[in-house]
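Open the model in your viewer and switch to a cartoon view. Keep the selection tool at hand.

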Amino acid sequence: MLVHPIEVLLVEDDPGDVLMTKEAFEEHKLGNRLHVVSDGVEALRFLRREGEFADAPRPHLILLDLNLPRKDGREVLEEVKNDDDLAHIPVVVLTTSEAEEDVLRSYRLHANAYVPKPVDFEQFIRVVRQIDDFFVTVVRLPKG
């Protein structure tokens, strides 16, 4: 199977989690491009190619934290899934929240997966790699 590099948007405000996610991507796959924004407002501007993100690529996958400054991840998820131009992009909620209400609400808002962030470094790296593997080698993604 021919594997094409994919554009991934990470929406994460924790610098440590950003660093670990970058490390997992860099060590694991050639060519997948990870773009990072640190809050919900920036995420929507990136996705809508506004302002400094006018030339941003359309991501094939969004990794979304729920607890974000300025605009909460739940609001971002809802806006993405209600926007005809963005709704087709798979969204994986990757968050520290294990609250059942967050899980349920995320799926009601049409998240494609809900993944609790492991606190252990090695497990975190493994989980990010598994998400990457699944969306790169198993699933067929729509072209941007």
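The stops below go from the sheet to the helices and then to single residues. One thing to keep in mind throughout: this is a predicted model.

**Stop 1: the sheet**

Select the strands. There are five, and they form an open sheet. In what order do the strands lie? The order is 2-1-3-4-5, with parallel pairing. Now colour the two edges. They are strand 2, residues 33–37, and strand 5, residues 113–116. Each edge strand pairs on one side only. Turn the view to look across the strands. From one strand to the next, the twist averages 20°.

Next, pick strand 1, residues 7–11. Strand 1 runs parallel to strand 2, and five bridges join the pair. For one of these, select Val 8 and look across to strand 2: its bridge partner there is Leu 34.

Add helix 5, residues 121–138. Helix 5 packs on the sheet. Which strands does helix 5 touch? The answer is strand 3 (61–64), strand 4 (91–95) and strand 5. Compare directions too: helix 5 makes about 175° with strand 4.

**Stop 2: Asp 65**

Select Asp 65. You will find it in the loop between strand 3 and helix 3, the helix of residues 73–81. An unreviewed UniProt entry annotates Asp 65 as "modified residue: 4-aspartylphosphate". Is Asp 65 buried or exposed? Asp 65 counts as buried because its relative accessibility is 4%, and the cut-off for buried is under 20%.

Now show what surrounds Asp 65. Beyond its neighbours within four places in sequence, Asp 65 contacts Val 11, Glu 12 and Asp 13, among others. The contacts also include Gly 73, Leu 94, Thr 95, Thr 96 and Lys 117.

**Stop 3: Thr 21**

Move to helix 1, residues 15–28, and select Thr 21 there. Thr 21 is buried, at 1% relative accessibility. Show the side chain. It reaches the backbone oxygen of Asp 17 at 2.7 Å. Then display the contacts of Thr 21, leaving out residues up to four places away in sequence. They are Leu 10, Leu 34, Leu 63, Phe 124 and Val 128. You have met Leu 34 already, as the bridge partner of Val 8.

**Stop 4: helix 2**

Select helix 2, residues 40–47. Which residues of helix 2 are buried? Gly 40, Ala 43, Leu 44, Phe 46 and Leu 47 are. Look down the axis of helix 2. The buried residues fall within an arc of 160°, so they line one face of the helix. Among the elements covering them are strand 1, strand 2, strand 3 and helix 3.

Now go to the start of helix 2 and show Asp 39. One of its side-chain oxygens comes to within 2.9 Å of the backbone nitrogen of Val 41. Then go to the other end. Just after helix 2 sits Arg 49, with a positive phi of about 55°. Arg 49 belongs to the loop between helix 2 and strand 3. At 36% relative accessibility, Arg 49 is partly exposed.

**Stop 5: Arg 70**

Select Arg 70 for another positive phi in a residue other than glycine; here the value is near 65°. Arg 70 lies in the loop between strand 3 and helix 3. Is Arg 70 buried or exposed? Arg 70 counts as exposed, with 61% relative accessibility.

**Stop 6: Glu 79**

Stay in this region and select Glu 79, in helix 3. Glu 79 is partly exposed, at 24% relative accessibility. Draw a distance from its C-alpha atom to that of Leu 44. The separation is 8.2 Å, although the two residues are 35 residues apart along the chain. Setting aside neighbours within four places in sequence, Glu 79 contacts Leu 44, Arg 48 and Lys 71. With Arg 48 the link is a polar contact between side chains, at 3.1 Å.

**Stop 7: Ser 106**

Finish in helix 4, residues 100–108, by selecting Ser 106. Ser 106 is buried, with a relative accessible area of 2%. What does Ser 106 contact, leaving aside neighbours within four places in sequence? Its contacts are Leu 66, Leu 77, Val 93, Ala 111 and Tyr 114.

Terms used: Residues numbered from 1 in each chain as written. Predicted model: local features only at pLDDT ≥ 70, side-chain atom pairs only at ≥ 80, totals over all residues. Heavy atoms only, no water. Pairing = 2+ DSSP bridges. Helix = DSSP H or I, 4+ residues; strand = E, 2+ residues; numbered from the N terminus. Axes fitted to C-alpha atoms, helices over the stretch in contact; angles between N-to-C directions. Contact = heavy atoms within 4.5 Å. UniProt positions renumbered as here; feature names shortened; annotations may be inferred. Buried < 20%, exposed > 50% of the residue type's maximum accessible area, 1.4 Å probe, protein only. Polar contact = N/O pair within 3.5 Å; in protein donor to acceptor, adjacent residues only side chain to side chain. Arc of directions from axis to C-beta.
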